[in-house]
Amino acid sequence: METAASLNLDTASPRSDTALSGRGRWSAVLALTLCVATLIASEFMPVSLLTPIATDLRLTEGMAGQAIAVSGLFAVLTSLSIGPIARRDRRLVLLGLTGVMAISGLLVAFAPNAPLFMVGRALVGVVIGGFWSLSAATVMRLVRQDEVPRALALVNGGNAVATLVAAPLGAFLGQFIGWRGAFFLVVPLAAVTFAWQWLALPKMPSSSDATPSVLGVLRRPYAKAGMVAMGLLFAGQFALFTYLRPFLEGVTRLGASPLSLALLLMGLAGLVGTAVIGRLVAASLRTVLLVAPMLMAVIALGLIVAGSSALPTMALLIGWGFVGTALPVAWWTWLARTLPDDADAGGGLMVAVIQLAITAGAACGGLLFDAGGHRATFLVSALLLCASAGFAALSVPRHLASL
């Protein structure tokens, strides 16, 4: 992801405290990148497997969609409470989280019923919240100060690639090895990640200055409006995104292969959007934060109107992927510009807000999808996105809008 390279994250006082060689440092960063890719793929795989999961576990599609809501909820709880644990050797904490990821994959793949399936999803939420909360600070301790932006870009690249492949790959694999087989693939990936981290990560004992006040960040100017805008954005995005598969199957009536193609094109559009948004943000951060959610709202309304036609729907989904995947880049830029002295604490709060918003969006979207179908879900998504644009207008200091 180009993001970190263009975020001025080097303002966050990076400090390498390891004696790794150049190759050793980058091997450790690549191990973290693989962990991110596996995590994100696991997090979003239910999107493309919602229908077979619901059928097999005898759930409604809305109830099966709570698999994302549950993982998001536990990610929030973990990101807000991992501070005392993080003061232990960071290497052991990361290895422990990776082990939990493997256990989660086993539980989900072999779950005989819905409650055990949700327990597995809760565990992956713990890993997501813990890993993302520690990732930036860990990278800062692995590499030299001048290497931090490039290392963060590499770690976030795992996020972009996983976002691209998770949904279409899940749909594709689901045809041949079933949804359980698709989820089981997380287990060997987690094992490889664990072994790589074991070999590459050095011991990283606690640093005495790693005591950020997460909620204290809200006292900073523009922070509240920004966090609200960010929460509304992700809630609106995932109220719609989570239920794309049942929408495409039931309304657009796409078969398995066209459905996979649609999700793949949406993911590719997201990579393109991520590659170009840096220039747009440099031109006007305020404009991007205002216009992008409005565009997504228009697309959501467009899906209500044209959702029964395959080609217009696929075009709209490409637009959704282009804007929606890239937009977090703008919000990380907002964090770096607005809270340059609180990047760690602000980042932790962002993780909590984003995961809470994903949980709320997926949960509310599921309830609406079961009660009122895709029209009600997509309409609420559009309203949330419009509200995000409104708060975004209040979140950017004028003197930082175009830096």
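The paragraphs below lead through a predicted model, from its overall make-up to individual helices, contacts and loops.

The protein contains 14 helices and zero strands, so that, read from the N terminus on, its elements form an unbroken run of α-α-α-α-α-α-α-α-α-α-α-α-α-α. Of its 403 residues, 59% count as buried. The structure holds zero disulfides, a disulfide being a covalent bond between the sulfur atoms of two cysteines. Two cysteines may be set side by side here: Cys 35 counts as buried, because its relative accessibility is 1%, whereas Cys 364, at 42% relative accessibility, counts as partly exposed.

Two helices can be compared with the span expected of them at 1.5 Å a residue. Helix 3, which covers residues 66–81, has 16 residues that should span 22 Å, and with its end C-alpha atoms 23 Å apart it agrees with that expectation. The buried residues of helix 3 are Gln 66, Ala 67, Ile 68, Ala 69, Val 70, Ser 71 and Gly 72, followed by Ala 75, Val 76, Thr 78 and Ser 79. Helix 11, made up of the 28 residues 256–283, reaches 41 Å from its first C-alpha to its last, which is close to the expected 40 Å. Helix 11 nevertheless carries a kink of about 40°, and this kink is centred on Val 276.

The next topic is charge pairing. Side chains of opposite charge can pair when their charged atoms come close, and in this model the count comes to two salt bridges. One of them joins the side chains of Asp 56 and Arg 180, with an N to O distance of 3.1 Å. This pair links distant parts of the chain, since Asp 56 belongs to helix 1 (residues 22–56) and Arg 180 to helix 7, with their positions 124 residues apart in the numbering. Asp 56 counts as partly exposed because its relative accessibility is 39%, and Arg 180, at 25%, likewise counts as partly exposed.

The other salt bridge is formed by Arg 245 and Glu 249, whose closest N and O atoms are 2.9 Å apart. Both residues lie in helix 10 (residues 244–250), and because they are four residues apart they are separated by about one helical turn. An α-helix has 3.6 residues a turn, so residues three or four places apart point the same way. Arg 245 is buried, with a relative accessible area of 14%, while Glu 249 is partly exposed, with a relative accessible area of 25%.

Helix 7 also contributes to the surface. Val 165, which lies in helix 7 (residues 148–184), is one of the residues of a nonpolar surface patch that also includes Val 161, Leu 169, Phe 172, Phe 176, Ile 177 and Leu 185, and these residues together have about 620 Å² of accessible area. Val 165 itself counts as partly exposed, because its relative accessibility is 33%.

Two further pairs of residues show C-alpha separations between positions that are far apart in the numbering. Asp 370 is placed in helix 14 (residues 343–392), and its C-alpha atom is separated by 8.5 Å from that of Met 63, although the two are 307 residues apart along the chain. With a relative accessibility of 42%, Asp 370 counts as partly exposed. Asp 89, for its part, is placed in the loop between helix 4 (83–86) and helix 5 (90–109), where its C-alpha atom is separated by 4.2 Å from that of Pro 205, a residue 116 positions away along the chain. Asp 89 counts as buried because its relative accessibility is 18%, and the cut-off for buried is under 20%.

The loops also hold two residues whose backbone angles deserve a look. Most residues other than glycine have a negative phi. Tyr 222 is not a glycine, yet it has a positive phi of about 70°. Tyr 222 is found in the loop between helix 8 (186–200) and helix 9 (223–241), and with a relative accessible area of 37% it is partly exposed. Arg 253, also not a glycine, has a positive phi of about 60° and is found in the loop between helix 10 and helix 11. Arg 253 counts as exposed, because its relative accessibility is 67%.

Key: Residues numbered from 1 in each chain as written. Predicted model: local features only at pLDDT ≥ 70, side-chain atom pairs only at ≥ 80, totals over all residues. Heavy atoms only, no water. Patch = residues over 30% accessible without salt bridge, like charges linked within 9 Å, V, L, I, M, F, W, Y side chains within 5 Å. Areas by Shrake-Rupley, 256 points an atom, 1.4 Å probe, with all protein chains shown as cover. Salt bridge = Lys/Arg side-chain N within 4 Å of Asp/Glu carboxyl O. Buried < 20%, exposed > 50% of the residue type's maximum accessible area, 1.4 Å probe, protein only. Expected span 1.5 Å × (residues − 1). Bend = angle between axes of the 7 residues up to and from the residue. Disulfide = S-S within 2.5 Å.
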